[in-house]
Amino acid sequence: MSIRSILQDMKFSRSQRVVQDSAGSAESVGESLKQSCWAQMPQELLREVLVRIEASEAAWPPRKSVVACAGVCRSWRHLTKEIVKAPELTGKLTFPISVKQPGPRDDLLQCFIKRNRSSQTYYLFLGLTHALTDEGKFLLAARKYKRATCTDYIVSLHADDMSKGSSNYIGKLRSNFLGTKFTIFDGQPTHAGAKITKSRSTRPVNLKQVSPRVPAGNYPVAHIQYELNMLGSRGPRRMQCTMDAIPATSVEPGGVAPTQADFSYSNAEFLPSLPFFRSKSNHVERISGPLASQKSGVLVLRNKSPRWHEQLQCWCLNFHGRVTVASVKNFQLVASPENGPAGPEHEKIILQFGKVGKDLFTMDYRYPISAFQAFSICLSSFDTKIACE
């Protein structure tokens, strides 16, 4: 039986199960699931089928077949999650949790952002080809909310659902009054010992999204600061990003950044030793406290210094064809050697953002930051900053 026929049979089985679910009681549904031929498939055969599907569907949109396999039944879901590796190893974004996991180590993951000026909404897409104008795979959306003393960008998994109380809520970006300082908040704790920020806008908890015994709200994971330019000197904006949830050693060879394994935490007690991060070797890594307290410190990102082009009379950075329009918003971030001399790891571009059209921008990122963190940093660049330009 071919992979295509297997997927077609699965779709028929799932549609038949939906009809049974809507017509029958909970007991009859449970009985039908027990009798499902897919749920009763031998584990050795099931693993072989899923491994072949995972290997054959390397990119979107065909990669939706892998997601479909995870939706067949519980046994399929657990085994599919076990087979599908994190973006750090494969460079593939498969499940929604992938947007919260660090990007690939070896290459930049190419994405782009579309801006809707009328609705003040921004959409993040994964690039499907090397072209700058492909359709892309939707990843995240953000909407700007202007307030009296600050600006909020609410980040969501759904393009039309920006509610803080929704299960699609990922986090938010908040600026100060001048738009020179920003804080990235995660909707769920990124590490054991993370402290929730108390504010008037603390969102209600959706119990379908997190365990009721796990704290939920706004957890600060990064701080962005733009350098003031009071003298009006020429050049691009200067910025610094302090990644509170990522150790500085993560950019070194063999360094590890925390990787969130799931959106919901089923453990009844959220203890400091709760293991819910996995490193690249797939072993569970226990974190005993905030990363900021580690001896190595936290990761700090800074602008890569541009060079002045005499013929063009402008500041230039090499974006390798990914940026085509000059803009003060364009930037490249590299790791800052806060705790010692600069090495080769401090020359690698971790995040680059640039303009390619009136409302189209490219966003390329890599390990150790995630798509959500990269997207939030790029959102901070859209605010007008008179004191920085």
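**View 1. Burial across the whole protein chain.** In this predicted model, 48% of the 389 residues of the protein chain count as buried. The chain exposes about 19,700 Å², and carbon and sulfur atoms supply 54% of that area. Its secondary structure consists of 7 helices and 16 strands. When contacts between residues at least 6 apart in sequence are considered, 60% of them join residues at least 24 apart.

**View 2. Helix α3 and its two sides.** Helix α3, made of the 14 residues 43-56, reaches 20 Å from its first C-alpha to its last, which is close to the 20 Å expected at 1.5 Å a residue. Within α3, the residues L46, V49, L50, I53 and E54 are buried. These residues lie on the same side of α3, because they cover an arc of only 130° around the axis. On the other side of α3, by contrast, E44, R52 and A55 are exposed.

**View 3. The closed barrel.** Twelve strands form a closed barrel with antiparallel pairing, in the order β1-β2-β3-β4-β5-β6-β7-β8-β11-β14-β15-β16. From one strand to the next, the twist averages 20°. In general, the strands of a sheet pair through backbone hydrogen bonds, and this pairing is either parallel or antiparallel.

**View 4. Strands β1 and β16, with helix α7 on the sheet.** Strand β1 (residues 109-116) pairs with strand β16 (residues 360-365) in the antiparallel sense, over 6 bridges. One position to look for is C111, whose bridge partner in β16 is M363. Helix α7 (residues 371-380) packs on the sheet and touches several strands, among them β1, β2, β3 and β16. The direction of α7 makes about 155° with that of β6.

**View 5. Strand β14 and its neighbours in the barrel.** Strand β14 is mostly covered, with 5 of its 5 residues buried. In a regular strand, the side chains alternate between the two faces of the sheet. In β14, F331, L333 and A335 point one way while Q332 and V334 point the other way, and all are buried. Strand β11 (residues 298-303) pairs with β14 in the antiparallel sense over 3 bridges, and the bridge partner of L301 in β14 is A335. Strand β15 also pairs with β14 in the antiparallel sense, here over 4 bridges, and the bridge partner of Q332 in β15 is Q352.

Terms used. Residues are numbered from 1 along each chain as its sequence is written. This is a predicted model: local features need pLDDT of at least 70, side-chain atom pairs count only at pLDDT 80 or more; totals for chains, interfaces and linings use all residues. Side-chain values use heavy atoms; hydrogens and water are left out. Helices (H or I, at least four residues) and strands (E, at least two) are DSSP runs, numbered from the N terminus. The expected span of a helix is 1.5 Å times one less than its number of residues. Buried means under 20% relative accessible area, exposed over 50%, partly exposed in between (1.4 Å probe, protein chains only). The arc is that of the directions from the helix axis to the C-beta atoms. Two strands pair if DSSP finds at least two bridges between them. Axes are lines fitted to C-alpha atoms, for helices over the stretch in contact, and angles run from 0 to 180 degrees between N-to-C directions. Contact means heavy atoms within 4.5 Å. Accessible areas come from the Shrake-Rupley method with a 1.4 Å probe; for residues, only the protein chains shown count as cover.
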